[in-house]
Amino acid sequence: MTFGLDRDYTERVDRRRVWRNVAWFVALVVVLNVAVTVGSAIFEPSVEGPAGSSFVTEADGVAGWRELLQHLGRDTVRLRERVAGADLDRDTVALVVIQPEAAYLDGAYADAVERFVREGGHLVITSGNPIASRLLAESRLANGTIGDTRPLLPAAETEGVDVVTFDGDLFFEDTGPGVPLLTSADGQHAALAAVVGEGRVVMISEKSAVTNRLLAVSDNAAFAVAVTGGRNVVFDEYLHGYGLDQGASALPDNLALAAGVILVGAVVWIWAVARRLGTPEQAGRAFPPARSEFVRSLGATLARSHPDERAYGELRRHGLDLLARMSGSREAAGRQADAVAARARVTGQELAALRQPVASAEDAVLVGAAVTKLQAYSVGKDA
């Protein structure tokens with residue numbers, strides 16, 4: 001059992017430990033919330049963001065394409081849900097998918113887009129993704145600078161277009177079932193058109209011609225308008241990460257899993273280092289015991305020790321000296337000494353214990369009593 005300052009110090013240390021653990025937990029929660037907030041901000045509309053997004057006004061975004069269509073009176077929609085759940089009118093809508101991100105594109109999504117096209121939809125898409133590979137499987141890409149391109153054959157998607165400028169490094173080496181729409185002077189095809197089912201697909205080798213950076217160059221703006229076939233345009237933003245979910249639910253599965261693992265680990269760590277619940281705290285501070293209690297406990301400790309002449313011999317000799325002095329003799333024996341002891345009310349048993357070595361606890365008590373009485377008698381006699 002701990003008393004006084006030691007106990008008070010221990011309690012203060014325990015309280016500091018508890019508050020330190022609480023502070024760590026609060027800090028962890030704050031950090032996780034900041035991480036979720038930052039992660040969610042990635043999926044919110046911004047001037048910065050994924051390349052090919054109609055939300056993005058930076059060089060690689062296509063926000064300018066959408067604004068151009070709106071200026072011409074076209075209805076535009078930013079799709080933030082899966083195509084399978086959207087009510088798209090296949091007769092009046094052109095779906096635009098520019099450089100989709102693989103993290104949001106799975107087989108079921110590709111199935112839904114293919115179904116949209118085959119049932120009469122109009123799709124404008126860049127190459128190099130599972131949807132494009134499925135719809136024009138026989139076309140092959142190659143690396144190389146394209147530069148300026150021109151329409152190879154008359155088509156609705158190139159009406160009013162003379163020169164379209166690209167600055168990417170992909171072109172169609174083999175068009176497969178597709179018809180070339182734009183071709184460079186070196187014979188490199190930058191855009192294809194193909195009929196798939198009852199719908200039509202326009203595939204661009206890469207996005208640069210319709211991005212904000214090149215939209216005002218050459219006849220790129222005219223191509224961006226014509227390629228949608230005169231329809232209302234739906235920009236697929238779900239494939240850029242702009243889903244309808246918000247907060248933690250908007251995070252990719254791998255990031256959400258990582259956050260969950262960190263949270264569980266933090267809870268386990270806090271549980272491991274925190275102090276377990278014990279007995280209830282006392283209402284007030286515990287003070288040292290009273291002095292009388294201390295004396296009694298010390299007496300009990302001494303009583304449990306084995307008394308002998310080495311411990312009590314000096315006390316016994318002091319008593320004999322008192323007795324000899326008051327009796328007027330050199331020895332504390334004889335009738336005169338017995339008479340003095342009797343006047344001091346020292347019992348025979350106490351006197352006998354005083355005259356022999358201490359050998360037991362009882363002898364020590366008797367010697368102490370005899371000395372106390374002789375001391376008191378001596379003081380009274382001197383007074």
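What share of the 383 residues in the protein chain is buried? Buried residues make up 41% of them. Keep in mind that this is a predicted model. The chain's secondary structure comes to 11 helices and 11 strands. Here's a quick tour, from the overall picture down to single residues.

**Overall picture**

- The protein chain has an accessible surface of about 21400 Å², and carbon and sulfur atoms account for 56% of that.
- If you take the contacts between residues at least 6 apart in sequence, 71% of them join residues at least 24 apart.

**Nonpolar cores**

- The largest nonpolar core holds 30 residues, and the ones touching the most other members are Val83, Leu95, Tyr109, Leu123, Ile125, Ile131 and Leu239.
- Six elements give two or more residues to this core: the helices α3 (107-118) and α4 (130-135), plus the strands β2 (93-97), β3 (122-126), β9 (189-196) and β10 (199-204).
- Helix α3 supplies the largest share of this core, with 6 residues.
- Ile125 is a good one to click on: leaving out residues up to four places away in sequence, Ile125 touches Val97, Ile131, Ala132, Val201, Val202, Met203 and Ile204.
- Apart from this core lies another one, made of 28 residues, including Val164, Phe171, Leu181 and Leu215.

**Aromatic pairs**

- Searching the whole structure turns up 4 aromatic pairs.
- One of them is Trp65 with Phe235: the ring centres sit 5.5 Å apart and the planes meet at 85°, which is over the 60 degrees cut-off, so this pair counts as edge-to-face.
- That pair links distant parts of the chain, with Trp65 in helix α2 (residues 63-71) and Phe235 in strand β11 (residues 232-236), 170 residues apart.
- Both Trp65 and Phe235 are buried.
- Tyr109 and Tyr238 pair up in another way, as a stacked pair with 5.7 Å from centre to centre and 10° between the planes.
- Since Tyr109 lies in helix α3 and Tyr238 in the loop between β11 and α6, this pair ties together parts that are 129 residues apart in sequence.
- Tyr109 and Tyr238 are both buried, and together with Tyr104 they form one aromatic cluster.
- Tyr109 therefore turns up twice in this briefing: Tyr109 belongs to the aromatic cluster, and Tyr109 is also among the residues touching the most other members of the largest nonpolar core.

**A nonpolar patch on the surface**

- Trp19, Val22, Phe25, Val26, Val30, Val34, Leu263 and Val267 make a nonpolar surface patch of about 710 Å².
- Two elements, α1 (4-42) and α6 (253-273), give two or more residues to the patch.
- The largest share comes from α1, with 6 residues.
- Take Val30 as one of the patch residues: Val30 sits in helix α1.
- Why does Val30 count as partly exposed? Its relative accessibility is 47%, and partly exposed covers the range between 20% and 50%.

**A buried glutamate**

- Glu350 is found in helix α10 (residues 348-354).
- Is Glu350 buried or exposed? Glu350 has a relative accessible area of 8%, so Glu350 is buried, given that buried means under 20%.
- Not counting residues up to four places away in sequence, Glu350 touches Arg345, Leu366, Ala369, Ala370 and Lys373.

How values were computed
Residues are numbered from 1 along each chain as its sequence is written. This is a predicted model: local features need pLDDT of at least 70, side-chain atom pairs count only at pLDDT 80 or more; totals for chains, interfaces and linings use all residues. Side-chain values use heavy atoms; hydrogens and water are left out. Patches are made of residues with over 30% relative accessible area and no salt bridge: like charges are joined within 9 Å, nonpolar side chains (Val, Leu, Ile, Met, Phe, Trp, Tyr) within 5 Å. Accessible areas come from the Shrake-Rupley method with a 1.4 Å probe; for residues, only the protein chains shown count as cover. A salt bridge is a side-chain nitrogen of Lys or Arg within 4 Å of a carboxyl oxygen of Asp or Glu. Helices (H or I, at least four residues) and strands (E, at least two) are DSSP runs, numbered from the N terminus. Buried means under 20% relative accessible area, exposed over 50%, partly exposed in between (1.4 Å probe, protein chains only). A nonpolar core is a set of buried Ala, Val, Leu, Ile, Met, Phe, Trp, Tyr and Cys residues joined through side-chain atoms within 4.5 Å. Contact means heavy atoms within 4.5 Å. Rings of Phe, Tyr and Trp (its six-membered ring) pair if their centres lie within 6.5 Å; planes under 30 degrees apart count as stacked, over 60 as edge-to-face and the rest as tilted.
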